[in-house]
Amino acid sequence: MAVTSLSDINALGKVAEAMIEQLGKISAEPNRLVRLYLTPEHRRAADQVAAWMRDAGLGVSEDALGTVRGRLDGGNGKRLLIGSHIDTVINAGKYDGTFGVVAGILAAGHFARAGKKLPFGIDVLAFGDEEGSRFATTLSSSVAVAGIFEDSRLTKVDRNGVSLANALIAYGKQLKDIPAAAYRRDEVGAYVEVHIEQGPVLEAYDQPLGVVTGIIGQAYFDIVLRGVAGHAGTVPMDLRRDALAGAAEIVGIVERFAAAQKDMLVATVGNLAVQPNASNVIPSQVLFTLDLRAADNDVRNDLADWFETEAGAIAARRNLEIAITSTRDTATTPCDPRLQDMLAGAITGVGGNALRLGSGAGHDGQAMAKLCPIGMLFVRCKGGISHNPAEYASPHDMGIAVAALIGFIENYDAQAFG
Ligand code: GLV
Ligand code: MN
Ligand code: MN
């Protein structure tokens, strides 16, 4: 049942590309890809995914957080979960998340068509909230599936003040059903995700696929700096309390500090809102985000402490008020060594070298690791570009990835995770 012929791999790659193109057209905006959690676009994408799952011979359901599930029944072994996400960042590429869902459907569909019962069932999961681009929270859908959803998430609001609770209700969900989204620990063996690498390593090593060793830890902050608005022409420089100039100084030290640590960590200010945002008014308030990531948990925690101290000192020197709120903190998540080896075997099975690499991006596996062992397969993407409309993975590489996932399923030892 394994896929080894080049023509099969090419055919899988072409189907994957067509599916990605189709989902890539489902956007809130005509000229760029924006598909946020619990929006009408999310609904349309979820319906499309459900239709593909049905066509692939899977039994389809949707849980209280909007995760679409495609079920392939099997023997008594604990279920193998395969998933990724269908929400996007703002001005996204088409492959981030989407390809993992497509790969799962194609691989499970391969076994459904073959009609041979596997010793374990497979659930393909299309999560809706991996990017955290709508609410000041992320992974809500996979967290619920993993059984660690806390009700405090429901009060998180989007930029229009809509809470997660109200968005779920508007999406047709009932909050009382959230606990039922969770798997029981004793029914699940492992979670596996296929994802584009979103970085340049596989391309540099000329390999289509790689095995992920772990997912980087992340800390997120919202920072508010408050000064005093004033006339841009009349207030002398030394009498200003300019919130944007303070924010700029903080952004600058964060960038210099992170760069000086070399490969230990990365830090990004990606969202900044200035008030009143007028060319002739001294900015009175700036709200900005900080995204800190490090493979080592101690490094991430030290960096967070350093940031609070340094930003506080800059604000004090400039006579600005500062409020720093930690919005999320996720520890580094290791991938299971047995799954790493099984995925490495699957890569070798399709003719690749099983390069091992860490993930600097966040993934649903961070939540799923609270439920069961996780593994990830990375797929080369052009120039390592992601979170950008130029994101690209070739049909050839996607075909090989689906073939490797099929090989992985075929050799997956459910007993090892019993
Ligand atoms: C999600 O893609 C993240 O790493 O921010
Ligand atoms: Mn992703
Ligand atoms: Mn992403």
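Biologist: In which loop of this predicted model is Asn 91 found?
Modeller: Asn 91 does not belong to a helix or strand in this predicted model but sits in a loop. The two elements that this loop connects are β3, made of residues 77-85, and α3, where α3 covers residues 98-114. The place asked for is therefore the loop between β3 and α3.

Biologist: What is phi of Asn 91?
Modeller: Most residues other than glycine have a negative phi. Asn 91 is a residue other than glycine, and its phi is nevertheless positive. The value is near 65°.

Biologist: Which residue does a cis peptide bond join to Gln 275?
Modeller: Most peptide bonds are trans. The bond in question has an omega of about 0° and is cis. The partner of Gln 275 lies in the loop between β10 (272-275) and β11 (281-282), and the residue joined to Gln 275 by this bond is Pro 276.

Biologist: Are α3 and α11 parallel or oblique to each other?
Modeller: Helix α3 (residues 98-114) packs on helix α11 (residues 395-411) with the axes 9 Å apart and an angle of about 50° between them, and their crossing is right-handed. Angles under 35 degrees would count as roughly parallel, and 65 to 115 as roughly perpendicular. The angle of about 50° falls in neither range, and α3 and α11 are therefore oblique.

Biologist: At what angle do α9 and α11 pack?
Modeller: Helix α9, which is made of residues 337-349, packs against α11 with the two axes 8 Å apart. The angle between them makes α9 oblique to α11, and the crossing of this pair is right-handed. The angle is about 125°.

Biologist: How many residues of the shell around ligand 1 are charged?
Modeller: The residues around ligand 1 are Glu 130, Glu 131, Tyr 220, Arg 293, Ala 361, Gly 362 and His 387. Two members of this shell are nonpolar and two are polar. Glu and Arg count as charged, and the shell includes Glu 130, Glu 131 and Arg 293, so that the number of charged residues is three.

Biologist: How much of the accessible area that ligand 1 has on its own does the protein cover?
Modeller: Oxygen atoms of ligand 1 lie 3.0 Å from a polar side-chain atom of Glu 131, 2.7 Å from an N or O atom in the side chain of Arg 293 and 3.1 Å from an N or O atom in the side chain of His 387. On its own, ligand 1 has 190 Å² of accessible area, and the part of this area that the protein covers is 90%.

Conventions. Residues are numbered from 1 along each chain as its sequence is written. Chains are lettered from A and ligands numbered from 1 in the order in which they are written. This is a predicted model: local features need pLDDT of at least 70, side-chain atom pairs count only at pLDDT 80 or more; totals for chains, interfaces and linings use all residues. Side-chain values use heavy atoms; hydrogens and water are left out. A residue is near a molecule or strand if one of its heavy atoms lies within 4 Å of it. A polar contact is a pair of N or O atoms within 3.5 Å; within protein, one must be able to donate a hydrogen and the other to accept it, and residues adjacent in sequence count only if both atoms are side-chain atoms. Accessible areas come from the Shrake-Rupley method with a 1.4 Å probe; for residues, only the protein chains shown count as cover. Axes are lines fitted to C-alpha atoms, for helices over the stretch in contact, and angles run from 0 to 180 degrees between N-to-C directions. Helices (H or I, at least four residues) and strands (E, at least two) are DSSP runs, numbered from the N terminus. Angles under 35 degrees count as roughly parallel, over 145 as roughly antiparallel, 65 to 115 as roughly perpendicular and the rest as oblique. A crossing is left-handed if the near helix is turned anticlockwise from the far one by less than a right angle, and right-handed if clockwise.
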